[in-house]
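Trainee: Please take a close look at one chain of this model for me. I would like to know how the chain is built, and then how it meets its partner.

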Amino acid sequence: MTTLPPPTAKKLGLVIDLDTCVGCHACAVACKEWNDGGEFGPLPDADPYGAQPNGVWFNRVHSYAVEQATGPGTRELTVHFPRSCLHCETPACVTVCPTGASYKRAEDGIVLVDADKCIGCQLCAWACPYGAREFNMERGTMQKCTLCVDRIYNETLDEADRQPACVMACPTRARHFGDLGDAQSPVSKLVAEREGYALMPEYDYKPVNRYLPPRPRRDGCADAKTKAAPTEALDTAQLPGVLRWLDRVLSR
Amino acid sequence: MRPTFSIIAFTVLSGTGYGLWFLLGIVLTLSRMGRDGPPWPSFVVTALLLGLVLVGVGLLSSLGHLGKPARAWRALSQWRSSWLSREGVAAIATFVPAMLLIGAASGAAPAAAARVAAPVLIAGAFATVYCTAHIYASLATIRAWSQPLVVPGYALFGLYGGLLCLWPMVDASPGGRSLETAVAGVAIASALLKVRYWHAIDHQPPVDAGDATGLARFGGVRSFEQPHTEENYLLHEMGFVLARKHARSLRGITLGFGFAAPVALALLALVLPSLRIACAACALSSGLAGLFVERWLFFAEAKHAVTAYYQR
């Protein structure tokens, strides 16, 4: 069924901290590794060691420079930006699907593709503004982030490991997983505390995932400049002749 | 968006076919042909069959775009939410009145069936093209498509293609009334709509990386490193730039071949009636070629929101 379920109470999703993300791509690689062998894999690569490698990845990490005006001039803030499925509450990728392959789970809000029903029309990828879906050319069906649904409920794993692979792999703990429908959950509190935001709310697909904005930077450069600026008083008349000459030469 | 031949052929050919069926439905509903009046002129059967070929080839071509064409039947199930599914249902349902009319015209089905089938054919053909247009018009992520002139455009260009097909057949059939004025009128209306559409999409504000990432409030956003060194599916499918580079000349070709030449040929046929069949045939080939370029541009010029992340 590609009609959406009634609004789900449980909204599983990710919170991504743009302040601490260092752009190492560990999330993308761990995701690729898990999902290549997981229930929804494989994630094929075409020409992996050739001139034009091309493959399916559920995570893509962009790196941006954000130019900010400061007192004395401008500075650039480096922001690494992991992009993946946001498991929207009202996703167009689900409603455009003509076959029912693309669906949103009523129990936890995860958006999935049933590869056995997908006809590979790719309309869902066109409907997603976040670029969350990538086409498996080998299999002829669409693939996307599963929020590691085959990990998070997997009772053969230790409880501590029942987290999406990207969250487990992040070396700076920039990725958090939890129920964003529960206002008391650690992720919801984190979002409230850090003013987490949704991407492109103008589309009205109501993303579940949240991004935590970079914290304001201390104006280090400007401080350093103002500290270095005052010149120390030097009475050149007191200097020996050689140094006076040196001072004159260097002051030119 | 990458202009895929299968989708261009699908929308142009099936649009033209349904346009032709729509016109035939009107002709058969308004006239009393085949019932108590004169027998059906020969062009009606030919035109119904030509419509069948165009629609059939168009729909088969759309299967070429699928990763799993053998599962295409599944696309008929989600008509409650999906315009693509609705299009599939309407497209197949419209075959029923069309086949009934072909049967009635060739004597295989009772003539009375035609009385019901003709208005149903009008509704079915219109509904199918309307749904086809909505597949694209419903995608908010592609600004050039989610705007009000797309649906009237698909309907008008389908009608225009149908009219271009009908014109030589009507002219070749004895006693047929000529369609020069109608062709010229619809061609001019189509050209005006297309020019207004281009004007509208040229003045749409672009989405930039600042809006896409939500970082605009912190300053000007510039991508300094892409997530991957080579093209991926998203850039291959949605990062097509060629058309926007050559938009001016391709739009000129659309207007010239698609609309101006058929108008000139229609006027020539009015002045020199002896040349009218040649004029109609030339207008059909030129007009259809123009519609193909128009549809290629419709896809190729459209920019997908995801390209903002890549600053393309």
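Mentor: Start with the domains of chain B. This is a predicted model. The domain assignment splits chain B into domain 1, residues 1–138, and domain 2, residues 173–312. Their centres, taken over C-alpha atoms, lie 24 Å apart. The two domains touch. Domain 1 of chain B brings 10 residues to that contact, and domain 2 of chain B brings 14. On the domain 1 side, helix H1 (5–30) and helix H2 (42–63) of chain B each supply at least two residues. H1(B) gives the most to that side, with four residues. By class, the domain 1 side holds seven nonpolar residues, two polar and one charged.

Now the chain as a whole. Chain B has 13 helices and one strand. Read from the N terminus, the order is α-α-α-α-α-α-α-α-β-α-α-α-α-α. The radius of gyration of chain B is 22 Å, and the globule rule gives 20 Å for 312 residues. The two values are close, so chain B is as compact as a globular protein of that length. Along the principal axes, its C-alpha atoms fill a box of roughly 75 × 50 × 30 Å. Of the 312 residues in chain B, 50% are buried. Look at the contacts in chain B with a separation of 6 or more: 77% of them join residues 24 or more positions apart.

Next, the partner. Chain A puts 48 residues in contact with 46 residues of chain B. Several elements of chain A each supply at least two residues to its side of this contact. They are strand S4 (60–69), strand S5 (74–83), helix H2 (92–95), helix H3 (123–127) and strand S8 (133–136). S4(A) gives the most, with nine residues. The side of chain A that touches chain B divides into 29 nonpolar, 14 polar and five charged residues.

Stay with S4(A), and return to the strand of chain B. What does S4(A) pair with in chain B? Its partner is strand S1 of chain B, residues 220–225. The two strands run in the antiparallel sense, and five bridges link them. For one position to find on screen, take Ser63(A): Glu225(B) in S1(B) stands opposite.

Put the pieces together. The one strand of chain B pairs with S4(A), and S4(A) gives the most residues to the side of chain A that touches chain B.

Note on methods:
Residues numbered from 1 in each chain as written. Chains lettered and ligands numbered in written order. Predicted model: local features only at pLDDT ≥ 70, side-chain atom pairs only at ≥ 80, totals over all residues. Contact = placed C-beta atoms within 7 Å. Nonpolar A, V, L, I, M, F, W, Y, C, P; charged D, E, K, R; others polar. Pairing = 2+ DSSP bridges. Rg over C-alpha atoms; globule rule 2.2 N^0.38 Å. Buried ≥ 20, exposed ≤ 12 C-beta atoms within 10 Å, placed from the backbone. Domains from an automatic or database assignment.
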